[in-house]
Amino acid sequence: MPMKQETLEALNLLKTNLDNDHRVVLLKEKEKIMSADLKANELSIKMKLASSKYDDDLNHFGFDSPFAVKSRQELHQIKLELDTLDVVKDYMNAFKEVRKLYEQIDEILFSSFKEKRKCK
């Protein structure tokens, strides 16, 4: 079934407004700054490698094995170091605001379609 023209226009307007929303614009700026930061890139690569190593150790040796424990601790340390960088903090703060915006839009558009669960 073809999309009605007015629905298509409304979606295009929503996209345009989102692209120009100050929170989304700020997030894009913070992402550029973070992407250009050498220390953030270095730690991000280290974290991906550590995550892969932890995943391998977890799959091969189990959660409580000395190998998995050590690689989990290493991953945790790298993530902590990454998360303490100012460029990452700035990005994450901007991301939180955009996530709130998207959650509000989701609630407005789709709340009537979501199944209301009741406790039994």
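This text walks through the helix α5, the nonpolar core and the largest pocket of a predicted model.

Start with α5. This helix has 25 residues. From first C-alpha to last, α5 reaches 35 Å, close to the 36 Å expected at 1.5 Å a residue. Its buried residues are Val-87, Val-88, Tyr-91, Ala-94, Val-98, Leu-101 and Ile-105. The cover over them includes α1 (5-20), α2, α3 and α4.

Next comes the core. The largest nonpolar core holds 20 residues. Those with the most contacts inside it are Met-34, Ala-40, Leu-82, Leu-85, Val-87 and Val-88. Four elements supply two or more residues each: α2 (22-36), α3 (38-61), α4 (66-83) and α5 (86-110). α5 gives the most, with seven residues.

Val-88 is worth a closer look. It is buried, and it ranks among the core residues with the most contacts. Leaving aside residues up to four places away in sequence, Val-88 touches Met-34, Ala-40, Leu-82 and Asp-83.

Now turn to the empty space. The largest pocket holds about 190 Å³. Its lining comprises 13 residues. Nearest its centre lie Met-34, Ser-44, Met-47, Leu-82 and Val-88. Helices α2, α3, α4 and α5 each give two or more residues to this lining. Here α3 gives the most, with five residues, whereas α5 gives the most to the core. By class, the lining has seven nonpolar, three polar and three charged residues.

The core and the pocket meet in particular residues. Met-34, Leu-82 and Val-88 are listed among the core residues with the most contacts, and they also lie among the lining residues nearest the pocket centre.

Conventions: Residues are numbered from 1 along each chain as its sequence is written. This is a predicted model: local features need pLDDT of at least 70, side-chain atom pairs count only at pLDDT 80 or more; totals for chains, interfaces and linings use all residues. Side-chain values use heavy atoms; hydrogens and water are left out. A nonpolar core is a set of buried Ala, Val, Leu, Ile, Met, Phe, Trp, Tyr and Cys residues joined through side-chain atoms within 4.5 Å. Buried means under 20% relative accessible area, exposed over 50%, partly exposed in between (1.4 Å probe, protein chains only). Contact means heavy atoms within 4.5 Å. On a 1 Å grid over the protein atoms alone, a cavity is a set of points where a 1.4 Å probe fits but cannot get out, and a pocket is an open set with protein on both sides within 12 Å along at least five of seven lines; lining residues have an atom within 4 Å of a point. Grid points are joined across faces, edges and corners, and a volume is the space filled by probe spheres set on the points. Ala, Val, Leu, Ile, Met, Phe, Trp, Tyr, Cys and Pro count as nonpolar, Asp, Glu, Lys and Arg as charged, and the others, Gly among them, as polar. The expected span of a helix is 1.5 Å times one less than its number of residues.
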